[in-house]
Amino acid sequence: METRRPSLINPPEDPLGKIILRRLIAGRTVLGLGAALLMGIGACSQDAYAQTAQSAPAAGPTLVAAAQAASREGASAVGVRLSEWKLELSQATVPTGDVEFTVRNGGTMLHAFEIEGQGLEKELEPIQVGATKTLRLKLPPGTYEVYCPIGQGAHKKMGMIAHIEVLGSVDLKALAAGMKQGGYVIVLRHAA
């Protein structure tokens, strides 16, 4: 007599598995995870900036103080440090709205700062060694490229480039109301 092994292609009936699958399809579990993810993103971006601001000796005390002042004024503060063949951002994501870039040339030669994306292109005049300049913009959601435009793109090609993502705002009350009514919430995030 031949014994049959369970097949992975046609697994035996599993009522518990069907219940879990139905719940996932109904979206109740996914909605809870989605809400937790959205709240976690906001908390992480604030924590990441706070940690960077506290542990950023290379950026210098003036850069950190200027970034903190911008944050108090309602703008999202992004510290930028330019040096030979590096462009460092204090954070890679910010909420939509006013964003103030505090840009410090920590290198040994002349550098500049430019932001481009979503139909926007703004540039700061070249920044002398050791100097700091600020740029305040109202940014809609999307991904932006920031770079040093010195040398007809030569500094950019040598690594002085980064990307910052501006996230759209989330109405948590509307999200919670939709979850209570059994509606679906889909969170999409694209990579640059």
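Helices and strands are here DSSP runs, a helix having at least four residues and a strand at least two, numbered from the N terminus. The exercises below concern a predicted model.

**Exercise 1. The order of the elements**

Task: State how many helices and strands the protein chain has, and in what order the elements run.

Solution.
Step 1. The protein chain holds five helices and nine strands.
Step 2. Read from the N terminus, the order is α-α-α-β-β-β-β-β-β-β-β-α-β-α.
Step 3. Individual elements can now be placed: strand β4 covers residues 97-105 and strand β5 covers residues 111-117, while helix α4 covers residues 154-157.

**Exercise 2. The chain as a whole**

Task: Determine what percentage of the residues of the protein chain count as buried, and what share of the contacts with a separation of 6 or more comes from residues 24 or more positions apart.

Solution.
Step 1. The protein chain has 192 residues, of which 33% count as buried.
Step 2. Among contacts with a separation of 6 or more, 59% are made by residues 24 or more positions apart.
Step 3. The exposed area of the protein chain is about 12300 Å², and carbon and sulfur atoms supply 58% of this area.

**Exercise 3. An aromatic pair**

Task: Classify the arrangement of the rings of F101 and F113 as stacked, edge-to-face or tilted.

Solution.
Step 1. The count of aromatic pairs comes to one.
Step 2. In this pair, the rings of F101 and F113 lie 5.4 Å apart, centre to centre, with 45° between their planes.
Step 3. Planes under 30 degrees apart would count as stacked and planes over 60 as edge-to-face, so the remaining class is tilted. The pair of F101 and F113 is accordingly tilted.
Step 4. F101 belongs to strand β4 and F113 to strand β5; the two residues are twelve residues apart, and the pair links distant parts of the chain.
Step 5. Buried means under 20% relative accessible area. F101 counts as buried because its relative accessibility is 0%, and F113 is buried with a relative accessible area of 0%.

**Exercise 4. Salt bridges**

Task: State how many salt bridges the structure holds, and decide whether E88 and R81 are buried or partly exposed.

Solution.
Step 1. There are five salt bridges in the structure.
Step 2. One of them joins E88 to R81, with 3.4 Å between the closest N and O atoms.
Step 3. At a relative accessible area of 35%, E88 is partly exposed, whereas R81, at 16%, is buried.
Step 4. Another salt bridge is formed by the side chains of D98 and R136, at 3.9 Å from N to O. D98 lies in strand β4 and R136 in strand β7 (residues 132-139), so this pair ties together parts 38 residues apart in sequence.
Step 5. D98 and R136 also take part in a network of salt bridges that includes E100 and K138.

**Exercise 5. The two contacts of K156**

Task: Identify which residue forms a salt bridge with K156, and over which ring the charged end of K156 sits.

Solution.
Step 1. E145 is the salt-bridge partner of K156, with the closest N and O atoms 3.0 Å apart.
Step 2. E145 is in strand β8 (residues 142-147) and K156 in helix α4, so the pair ties together parts that are eleven residues apart in sequence.
Step 3. The charged end of K156 also sits over the ring of Y147, at 4.2 Å from the ring centre.
Step 4. Both ends of the salt bridge are partly exposed: E145 has a relative accessible area of 21%, and K156 has a relative accessibility of 26%.

**Exercise 6. Distance in sequence and in space**

Task: State how far apart L89 and A162 are in sequence and in space.

Solution.
Step 1. L89 is part of strand β2 (residues 86-89).
Step 2. L89 and A162 are separated by 73 residues in sequence, and their C-alpha atoms are 7.7 Å apart.
Step 3. Beyond its neighbours within four places in sequence, L89 contacts several residues, including V78, V146, A162 and I164.

**Exercise 7. Positive phi values**

Task: Compare the surroundings of Q118 and Q152 by naming the loop in which each residue lies.

Solution.
Step 1. Q118 is not a glycine, yet its phi is positive, at about 55°. Q152 likewise has a positive phi, near 50°.
Step 2. Q118 lies in the loop between β5 and β6, and Q152 in the loop between β8 and α4.
Step 3. Q118 is partly exposed at 48% relative accessible area, whereas Q152 counts as exposed at 83%.

Note on methods. Residues numbered from 1 in each chain as written. Predicted model: local features only at pLDDT ≥ 70, side-chain atom pairs only at ≥ 80, totals over all residues. Heavy atoms only, no water. Phe/Tyr/Trp six-rings, centres within 6.5 Å; stacked < 30°, edge-to-face > 60°. Buried < 20%, exposed > 50% of the residue type's maximum accessible area, 1.4 Å probe, protein only. Lys NZ or Arg CZ within 6 Å of the ring centre and 35° of its normal. Salt bridge = Lys/Arg side-chain N within 4 Å of Asp/Glu carboxyl O. Contact = heavy atoms within 4.5 Å. Areas by Shrake-Rupley, 256 points an atom, 1.4 Å probe, with all protein chains shown as cover.
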